[in-house]
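Work through the exercises below with the sequence and the model open beside you. Each task is followed by its solution in steps.

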Amino acid sequence: MAVDRTPVLKRCRSLALDPVYLGIDKKSNRNARRGRKVSEYGLQLREKQKAKFIYGVLEKPFRNYYAKAEKMRGLTGPNLMTLLELRLDNVMFRLGYGRTRKECRQIVDHKHVLVNGKTVNIPSYQVKVGDVIEIKEKAKGSQRYKDILEVTEGRLVPAWLEADHENLKGVVKEVPTREEIDVPVNETLIVELYSK
């Protein structure tokens with residue numbers, strides 16, 4: 001399996017991205033280098049790399065998401081962001097059951113998550129409206145989740161999700177609109193890049 005091993009803060013600096021969007025509290029002490037003026041293609045590529053980096057998606061799956069977003073009704077850009085937002089690992093992150101999306105991905109991989117009562121170990125699983133996502137009963141009592149909830153306590157759960165932190169459970173109430181997705185990505189540039 002391919003893994004992106006680039007140091008996170010270094011990557012954030014190169015993409016001019018605040019690490020907070022990844023669930024990381026650290027700040028980079030170094031300033032981003034002031035370089036040449038970035039071309040139009042360079043800006044489009046940066047936006048795509050930013051979206052891929054935030055959601056932890058590699059090139060081929062990202063391209064598949066784009067193809068799926070094109071076929072959906074409505075604008076391709078917001079559709080793409082919605083598809084990325086409805087990934088199981090991201091929903092776990094939004095509910096506050098993981099400090100970062102990478103940690104949520106690992107939790108899903110380790111079969112700690114139930115979707116509608118069934119074990120799902122695919123981080124890219126697309127959740128639907130009405131799906132109930134919860135941590136397995138066996139894992140609920142572990143110290144790991146107590147520590148995670150302590151850290152993510154102040155994080156706001158988006159309006160399209162409903163979280164029950166007592167029982168480590170969440171429900172997808174509706175499909176998120178682009179306005180509800182607080183990711184600093186300009187998806188129109190991604191659409192322009194792919195439509196060349």
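Two residues are in contact when heavy atoms lie within 4.5 Å. The model used here is predicted.

**Exercise 1.** Among contacts between residues at least 6 apart in sequence, find what percentage join residues at least 24 apart.

Solution. Take the contacts in the protein between residues at least 6 apart in sequence; of these, 62% join residues at least 24 apart.

**Exercise 2.** State how many helices and strands the protein has, and in what order they run.

Solution. Start with the count: the protein has nine helices and five strands. Then read from the N terminus, which gives the order α-α-α-α-α-α-β-β-β-α-α-β-β-α.

**Exercise 3.** Compare the radius of gyration of the protein with that of a compact globule, then describe its extent and surface.

Solution. Step one: for 196 residues, a compact globule would have a radius of gyration near 16 Å. Step two: the protein has 17 Å, which agrees with that value. Step three: along the principal axes, the C-alpha trace spans about 55 × 45 × 35 Å. Step four: the accessible surface is about 11,500 Å², and 51% of it belongs to carbon and sulfur atoms. Step five: 41% of the 196 residues count as buried.

**Exercise 4.** Find how far apart the mean positions of the positive and negative charges are.

Solution. The protein has 39 positive and 26 negative charges. Their mean positions are 9 Å apart.

**Exercise 5.** Decide whether helix 4 (residues 76–85) is largely enclosed or not, and name what its buried residues pack against.

Solution. A residue counts as buried when its relative accessible area is under 20%. In helix 4, the residues that meet this are Thr-76, Gly-77, Asn-79, Leu-80, Met-81, Thr-82, Leu-83, Leu-84 and Glu-85. That is nine of the ten residues, so helix 4 is largely enclosed by the rest of the structure. Its buried residues pack against helix 2 (40–55), helix 3 (59–71), helix 5 (88–95) and helix 9 (187–194).

**Exercise 6.** Show how the buried and exposed residues of helix 8 (residues 143–152) are arranged around the axis.

Solution. First list the buried residues: Tyr-145, Ile-148 and Thr-152. They cover an arc of only 60° around the axis, so they sit on the same side of helix 8. In general, an α-helix has 3.6 residues a turn, so residues three or four places apart point the same way. On the other side of helix 8, Glu-150 and Val-151 are exposed. Finally, the cover over the buried residues of helix 8 includes helix 6 (101–109), strand 3 (132–135) and helix 7 (137–140).

**Exercise 7.** Place Lys-52 in the structure and list what it touches.

Solution. Lys-52 lies in helix 2. Its relative accessible area is 17%, so Lys-52 is buried. Leaving out residues up to four places away in sequence, Lys-52 touches Val-57, Leu-58, Glu-59 and Phe-62. From Lys-52 to Phe-93 there are 41 residues in sequence and 16 Å in space, C-alpha to C-alpha.

**Exercise 8.** Examine the positive phi of Lys-111 and of Leu-168, and say where each residue is found.

Solution. Most residues other than glycine have a negative phi. Lys-111 has a phi of about 60° and is found in the loop between helix 6 and strand 1 (113–115). With a relative accessible area of 43%, Lys-111 is partly exposed. Leu-168 has a phi of about 50° and is found in the loop between strand 4 (161–164) and strand 5 (169–172). With a relative accessible area of 4%, Leu-168 is buried.

Technical notes
Residues numbered from 1 in each chain as written. Predicted model: local features only at pLDDT ≥ 70, side-chain atom pairs only at ≥ 80, totals over all residues. Heavy atoms only, no water. Helix = DSSP H or I, 4+ residues; strand = E, 2+ residues; numbered from the N terminus. Rg over C-alpha atoms; globule rule 2.2 N^0.38 Å. Buried < 20%, exposed > 50% of the residue type's maximum accessible area, 1.4 Å probe, protein only. Areas by Shrake-Rupley, 256 points an atom, 1.4 Å probe, with all protein chains shown as cover. Lys, Arg positive; Asp, Glu negative; His and termini not counted. Charge placed at Lys NZ, Arg CZ, Asp CG, Glu CD. Arc of directions from axis to C-beta.
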